[in-house]
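Trainee: Hey, could you walk me through this protein? I'd like to get a feel for how it's put together.

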Amino acid sequence: MTQQPGAGRSTARTRRLVGGQGDIRPVQSNPVTTRLADIAAQAGVSEATVSRVLNGKPGVAATTRQSVLAALDVLGYERPVRLRQRSEGLVGLITPELENPIFPALAQVIGQALTRQGYTPVLATQTPGGSTEDELTEMLVDRGVAGIIFVSGLHADTSADMQRYEQLRAQGVPFVLVDGFSPKVQAPFISPDDRAAMALAVTHLVSLGHTNIGLALGPKRFVPVQRKIEGFVRTVQEQLGLSPADIEERLVQHSLYTLEGGQAAASALMDRDCTAVVCASDMMALGAIRAARQRGLEVPKDVSVVGFDDSPLIAFTDPPLTTIRKPVPAMGQAAVRTLLEEIGGTPAPHSEFVFMPELVVRGSTASAPGDRNRP
């Protein structure tokens, strides 16, 4: 995985420490001298401590050493070669795509967590007409990866053959699966609580007076989709008294996890007089807002929309999107921690670690039409 420059860094201004001493020369031709005091001030330590760290001398606490190295990164200086951490090995990360911003966000968390533990992350992404998950897996295994993290892979597809994962285990390659549980795969799983997510969304909309709430999501064969439907149907039944059969037939619309897919699904739900639409991804929610506007409707005045993920920048859409925040940092760190335990010889049991999502209320939801006088 390609690391992005840190805060305050850019390729053009990256500078190199020479000899680990006070002389700091720029990669550019213009000479620049920076005192150890600059690094010491940034790290909150003495110049003598900075000097000891840069020269690799003992007697410096691990936390202090990390503070000095972080100061080098923030100020845009390359670490002296002797201080660069030796890689513990490669770890593969396979994602289905990068167009949905939730996948780069998760990849960043996982990549940073692996790097902190001394591993080198390798991002492998499927593309339409490109490499399949099996081909990417074979490529990573051929390169001797220490382990693999699968995000929203074939393990989430109930129609897929799970034997591929047993074959991978037989090769001695540790792996962890994110998003989508299968009882047929002996491995640790990391998931958000999709049922609870739908309960949060529906409860919020019901509290605003909505009684005709639709659900837009992807193909039914995927485990997260099935779980969202279960949570949605149960909560609507409990709070609005509708029958499960009526809910699934009239208020659940399957489509694709894209902006266009959300637009198509939301349009179908609005044809059934839905005044609110819960979407299974933020991308679908943006499509739902587009569908409403194409009908001359305003969000949230005429139609309320709820997303899922809380992707980066989604708070800055027009209107800012109310969404269910996926616990990406906790899930990513748990995936890395679990994988490293597998690599270290203490495999986790065949179990699923489930993380609770959070409702984030912004500007895309409001009281139902005709219910504006509610307190």
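Mentor: Sure, let's go from the overall picture to a few details.
Mentor: This is a predicted model, where local features need pLDDT of at least 70, side-chain atom pairs count only at pLDDT 80 or more, and totals for chains, interfaces and linings use all residues. Residues are numbered from 1 along each chain as its sequence is written, and side-chain values use heavy atoms, with hydrogens and water left out.

Trainee: Okay, how many helices and strands are there in the protein?
Mentor: There are 12 helices and 15 strands. Those are DSSP runs numbered from the N terminus, with helices being H or I of at least four residues and strands being E of at least two.

Trainee: And what percentage of the residues count as buried?
Mentor: That's 47% of the 375 residues. Buried means under 20% relative accessible area, with a 1.4 Å probe and protein chains only; exposed is over 50%, and partly exposed is in between.

Trainee: Switching topic: at what angle do H7 and H8 pack?
Mentor: About 35°, with the axes 7 Å apart; H7 covers residues 194–207 and H8 covers 223–240. Axes here are lines fitted to C-alpha atoms, for helices over the stretch in contact, and angles run from 0 to 180 degrees between N-to-C directions.

Trainee: Which residues in H7 meet H8?
Mentor: Among them are Asp194, Arg195 and Met198, and on the H8 side the partners include Arg227, Gly231 and Phe232. Contact means heavy atoms within 4.5 Å. The residues of this contact divide into 8 nonpolar, 4 polar and 6 charged. For that split, Ala, Val, Leu, Ile, Met, Phe, Trp, Tyr, Cys and Pro are nonpolar, Asp, Glu, Lys and Arg are charged, and the others, Gly among them, are polar.

Trainee: Back to Arg227, is that one buried or exposed?
Mentor: Arg227 counts as buried because its relative accessibility is 11%. This arginine lies in helix H8.

Trainee: What does Arg227 touch?
Mentor: Leaving out residues up to four places away in sequence, Arg227 touches Phe181, Ser191, Asp194, Arg195 and Glu352.

Trainee: One more: where is Pro300?
Mentor: Pro300 is in the loop between helix H11 (282–294) and strand E12. Pro300 counts as buried too, because its relative accessibility is 18%.

Trainee: How far apart are Pro300 and Ala366?
Mentor: In sequence they're 66 residues apart, but in space their C-alpha atoms are 5.5 Å apart.
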